[in-house]
Amino acid sequence: MKLSVVVHEAEEGGYWAEVPAIPGCATQGESFEELLINLYEAVEDCLSVDVGGAPASEESSVIEIAVS
C-alpha cells in the first residue's frame with residue numbers, strides 16, 4: 001500500500017507531516033530521518049483497530065485483514 005504524505009517545515013524547527021487518506025494521522029520530528037521513523041509508527045497506530053469488542057449478530061461478521 002502506498003500513501004501520500006504532506007510534509008511541512010515547522011516554524012520552530014524540524015518537520016511535521018500528515019496523511020490525508022487517514023484523518024487525524026499526523027506526526028513530527030526534529031530531523032527528516034526522525035520524521036520518517038515517527039511517520040511509519042503513526043500510520044501503523046492509525047491503522048490498528050481493535051475489533052474484539054465489536055457486536056456481532058447473525059447478519060454481521062467480524063473478519064481480520066492484513067495490510068502490507
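Me: What is the mean pLDDT of the protein chain, and how do I read it?
Reply: pLDDT is the predictor's confidence in each residue, from 0 to 100. Here the protein chain has a mean of 83, with 72% of its residues at 70 or more. Where pLDDT is low, don't read the predicted coordinates in detail. This is a predicted model, so local features need pLDDT of at least 70 and side-chain atom pairs count only at pLDDT 80 or more, while totals for chains, interfaces and linings use all residues. Residues are numbered from 1 along each chain as its sequence is written, and side-chain values use heavy atoms, leaving out hydrogens and water.

Me: Which pattern does the protein chain follow along the sequence?
Reply: Helices (H or I, at least four residues) and strands (E, at least two) are DSSP runs, numbered from the N terminus. This chain has one helix and three strands, in the order β-β-β-α.

Me: Which residues make up the largest nonpolar core?
Reply: A nonpolar core is a set of buried Ala, Val, Leu, Ile, Met, Phe, Trp, Tyr and Cys residues joined through side-chain atoms within 4.5 Å. Buried means under 20% relative accessible area, exposed over 50%, partly exposed in between (1.4 Å probe, protein chains only). The largest core here has eight residues: Ala17, Val19, Ile22, Cys25, Leu35, Leu39, Ala42 and Val43. Helix H1 (residues 32–47) gives the most to this core, four residues.

Me: Is Leu3 buried or partly exposed?
Reply: Leu3 sits in the segment before strand S1 (6–9). Its relative accessibility is 32%, so Leu3 counts as partly exposed.
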